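Reader: Please pick one part of this model and take a close look at it with me. I am a first-year student. Give me the cut-off for each term as you go.

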Amino acid sequence: MSSSSFEPRSDVDLSVPSAARAYDYFLDGAHNFAVDRAFADQVLAIAPSVPAVTKLNRSFLRRVVKFCLDQGIRQFLDLGSGIPTVGNVHEIAQQVDPASRVVYVDYEPVAYAHARQLLVGNPFATIVQADIRNPSAILDHPETRRLIDFSEPVALLMVGVLLFISDEDRPGELVRTYRQHLAPGSFLAISHIASEQAGPELQAEVSRLVDAYAAADEHVHVRTHRDVLAWFDEGTTLVEPGLVCLPDWRPDGDQEETSVARPLGYGGVARVDQALP
């Protein structure tokens, strides 16, 4: 894992680890602090498959963006985008079309600050600092409205973010609220941690992972295939191969099908066939 010389913002509480910064560390990123690395190392000691899961999730995101580009999509709304690393959405999309428009959304202050710095001089990509549980703050934000035309198809990316949304916050209703703003021809992408297909050892790892995050006041919610499938509601059609284990979604030869973490997450993409009232 990389160590970081990243300078903290004055408003960042360095006594509390951040899930976003720990995720960056698991991806060998450089935008994390000692408190995050200490927490991440504790997680690794009890759940050593975590870095493999994060990399599967990241690879799924890359393949989804490429798929959407192939379908003609040039607008992307990335909820819970995290700290920008190599291969982020705007880098992939703008390699295909420099005018592709990307709005990132994240609540974490380091993710927000670094993305703003990274995107200076890029007129077609921005970040909004907001909680995804407040859709109006995102959908009506001036930066979102500047770049995203919701009367045209959009790729809505909810990759690895809903696992931080509790049942009490009604993730299904949250997905539907965002989905209501998508024009026909749009795509909805969701990935989520899971363990129901895993063997006893991996299931025990996931349970320890959940407990470790809870102890750090970062709650992770593991859900089933049935739970996630229900979020692709009426008016959408899952594209092939449906909701599957992450490396099984349109693999492109990266050999991740054999990853030990293969059964620890689901991913799927649905085409929006009709607008919701």
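Author: Here is a walk through one helix, the rings packed around it and a few backbone details.

This is a predicted model, where local features need pLDDT of at least 70, side-chain atom pairs count only at pLDDT 80 or more, and totals for chains, interfaces and linings use all residues. Residues are numbered from 1 along each chain as its sequence is written, and side-chain values use heavy atoms, with hydrogens and water left out.

Start with helix α3 (helices are DSSP runs of H or I with at least four residues, strands are runs of E with at least two, and both are numbered from the N terminus). α3 has 21 residues. From its first C-alpha to its last, α3 reaches 31 Å, close to the expected 30 Å. That expected span is 1.5 Å times one less than the number of residues. α3 is mostly covered, with 16 of its 21 residues buried. Buried means under 20% relative accessible area, exposed means over 50%, and partly exposed lies in between (1.4 Å probe, protein chains only). Just after α3 comes G72, with a positive phi near 95°.

Next, the neighbour. α3 packs against helix α4, residues 89-96, at an angle of about 30°, and their axes are 10 Å apart. The axes are lines fitted to C-alpha atoms, for helices over the stretch in contact, and angles run from 0 to 180 degrees between N-to-C directions. So α3 is roughly parallel to α4 (under 35 degrees is roughly parallel, over 145 roughly antiparallel, 65 to 115 roughly perpendicular, the rest oblique). The crossing of α3 and α4 is right-handed: the near helix is turned clockwise from the far one by less than a right angle, while anticlockwise would be left-handed.

Now the rings. Rings of Phe, Tyr and Trp (its six-membered ring) pair if their centres lie within 6.5 Å; planes under 30 degrees apart are stacked, over 60 edge-to-face, and the rest tilted. That rule gives 4 aromatic pairs. One of them joins F60 and W249, edge-to-face, with 5.6 Å from centre to centre and 80° between the planes. This pair links distant parts of the chain, 189 residues apart. F60 belongs to α3, residues 50-70, and W249 to the loop between β7 (244-245) and β8 (265-272). F60 is buried because its relative accessible area is 0%. W249 is also at 0%, so W249 counts as buried.

Another pair is F67 with F187. Their ring centres are 5.4 Å apart and their planes meet at 85°, so this pair too is edge-to-face. F67 is in α3 and F187 in strand β5 (residues 187-193), 120 residues apart. Both F67 and F187 are buried. F60, F67, F187 and W249 form one aromatic cluster.

W249 has a charged neighbour. R250 lies over the face of W249, 5.6 Å from the ring centre. A charge sits over a ring if NZ of Lys or CZ of Arg is within 6 Å of the ring centre and within 35 degrees of the ring normal. R250 sits in the loop between β7 and β8. R250 is partly exposed because its relative accessible area is 36%. R250 is not a glycine, yet its phi is positive, about 45°.

Finally, two loop details. D217 is not a glycine either, and its phi is positive at about 60°. D217 lies in the loop between α9 (200-215) and α10 (225-229). Its relative accessible area is 61%, so D217 is exposed. The peptide bond from E240 to P241 is cis, with omega near 10°. P241 is in the loop between β6 (236-238) and β7.
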